Amino acid sequence: MKKIIDKYISFISIFILIIIWQICGNLNFLPKFIFPSPLEIVRAFIRDRALFWFHFKITMLEALIGLGLGIAIATILAIIMDSFKLVNKIVYPLLVFTQTIPTIALAPILVLWLGYDMTPKIVLIVLTTTFPIVISILDGFRNCDKDAINLLKLMKANRWQILYHLKIPTALTYFYAGLRVSVSYAFISAVVSEWLGGFEGLGVFMTRAKKAFDYDTMFAIIILVSIISLLSMEIVKRSEKRIIKWKYIEEGKINEKD
């Protein structure tokens, strides 16, 4: 029983919170025009399901393209920065600088430069998702076993062989840590960029709902974005378990000893 509670404690807590929220709504403790109850939010999902599906597809497409490009750029950049110290010294401060600019301030500038189509949204997602992955991969490269690197060098392994056989496998765990952060950033950045310029997407839908004082729809969109982010992080976690099997085998052995 204790194992079941430990495993599902987060779901139980959320379920209890939803029940309390609904009770407060039924007793009029919360003003419905500002803070709709869970049932009203569900009704909004059902009522506007066609609109939700249409805007969801646009936001999902933007997030997936931006995240895919961010992963590719981050991986290539991390390998170059690890291989050439001068590049690392030049590029690293620029990457840090991009993270100091608020997303909500950068989005309208990108819209001004690139127009109102999907391009500025994808660029913003790339900018927000690249940094965590680059830093994670570089940390993985730096934490490689120095003795193993020296051994490979003694065996006449070149730079690319060391990268393929040692550095990349070691950095995979760090990569997934950064990817979990970037996945959530991708959907948040997509919605923020749609707030400030565009004609389609959940961010645009949310802005229209807010202007119409349709708060149950607005809350429904917020919950949908949260669910998408959580599901995406779970997919990343399951992917990690399939690709980095040795990590979880070792963790299982440690838990058995404990």
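Colleague: How much area does the protein chain expose, and what share of it do carbon and sulfur atoms supply?

Modeller: The protein chain exposes about 16,100 Å², and carbon and sulfur atoms supply 70% of that area; accessible areas here come from the Shrake-Rupley method with a 1.4 Å probe, and for residues only the protein chains shown count as cover. This is a predicted model, in which local features need pLDDT of at least 70 and side-chain atom pairs count only at pLDDT 80 or more, whereas totals for chains, interfaces and linings use all residues. Residues are numbered from 1 along each chain as its sequence is written, and side-chain values use heavy atoms, with hydrogens and water left out.

Colleague: What makes up the pattern of the protein chain along the sequence, and how many helices and strands are there?

Modeller: The protein chain has 11 helices and 0 strands, where helices (H or I, at least four residues) and strands (E, at least two) are DSSP runs numbered from the N terminus. Read along the sequence, the pattern is α-α-α-α-α-α-α-α-α-α-α, and the C-alpha atoms fill a box of roughly 75 × 60 × 30 Å along the principal axes.

Colleague: What percentage of the residues count as buried, and what share of the contacts joins residues at least 24 apart?

Modeller: Of the 258 residues of the protein chain, 38% count as buried, a term that means under 20% relative accessible area, with exposed being over 50% and partly exposed in between (1.4 Å probe, protein chains only). Contact means heavy atoms within 4.5 Å, and among contacts between residues at least 6 apart in sequence, 72% join residues at least 24 apart.

Colleague: Why is serine 232 called buried?

Modeller: Serine 232 has 14% relative accessibility, which is under the 20% limit, and therefore counts as buried. Serine 232 lies in helix H10 (residues 215-243), and, leaving aside its neighbours within four places in sequence, serine 232 is in contact with Val183 and Phe187.

Colleague: Why is serine 37, which has its place in a loop, also called buried?

Modeller: The relative accessible area of serine 37 is 5%, again under 20%, so the residue is buried. Serine 37 sits in the loop between helix H1 (2-26) and helix H2 (38-47), and, with neighbours within four places in sequence left aside, serine 37 is in contact with Trp21, Gln22 and Gly25.

Colleague: Why are H6 and H8 called roughly antiparallel?

Modeller: The axes of helix H6 (residues 119-142) and helix H8 (residues 159-195) cross at roughly 155° and come within 7 Å; these axes are lines fitted to C-alpha atoms, for helices over the stretch in contact, and angles run from 0 to 180 degrees between N-to-C directions. Angles under 35 degrees count as roughly parallel, over 145 as roughly antiparallel, 65 to 115 as roughly perpendicular and the rest as oblique, and H6 and H8 are therefore roughly antiparallel to each other. By class, their contact has 17 nonpolar, 9 polar and 4 charged residues, with Ala, Val, Leu, Ile, Met, Phe, Trp, Tyr, Cys and Pro counted as nonpolar, Asp, Glu, Lys and Arg as charged, and the others, Gly among them, as polar.

Colleague: What makes H8 and H9 oblique to each other?

Modeller: H8 and helix H9 (residues 202-211) pack at an angle of about 50°, with their axes 7 Å apart, and this angle belongs to none of the other three classes, so H8 and H9 are oblique. Val191, Glu194 and Trp195 in H8 meet Leu202, Gly203, Val204, Met206 and Thr207 in H9, and by class this contact has 5 nonpolar, 2 polar and 1 charged residues.

Colleague: Why does lysine 156 count as exposed?

Modeller: Lysine 156 has a relative accessible area of 73%, which is over 50%, and so is exposed. The place of lysine 156 is in the loop between helix H7 (146-154) and H8, and its phi is near 70°, a positive value in a residue other than glycine.

Colleague: Why is phenylalanine 213 called exposed?

Modeller: At 62% relative accessibility, phenylalanine 213 is over the 50% limit and therefore counts as exposed. Phenylalanine 213 lies in the loop between H9 and H10 and has a positive phi of about 55° although it is not a glycine.
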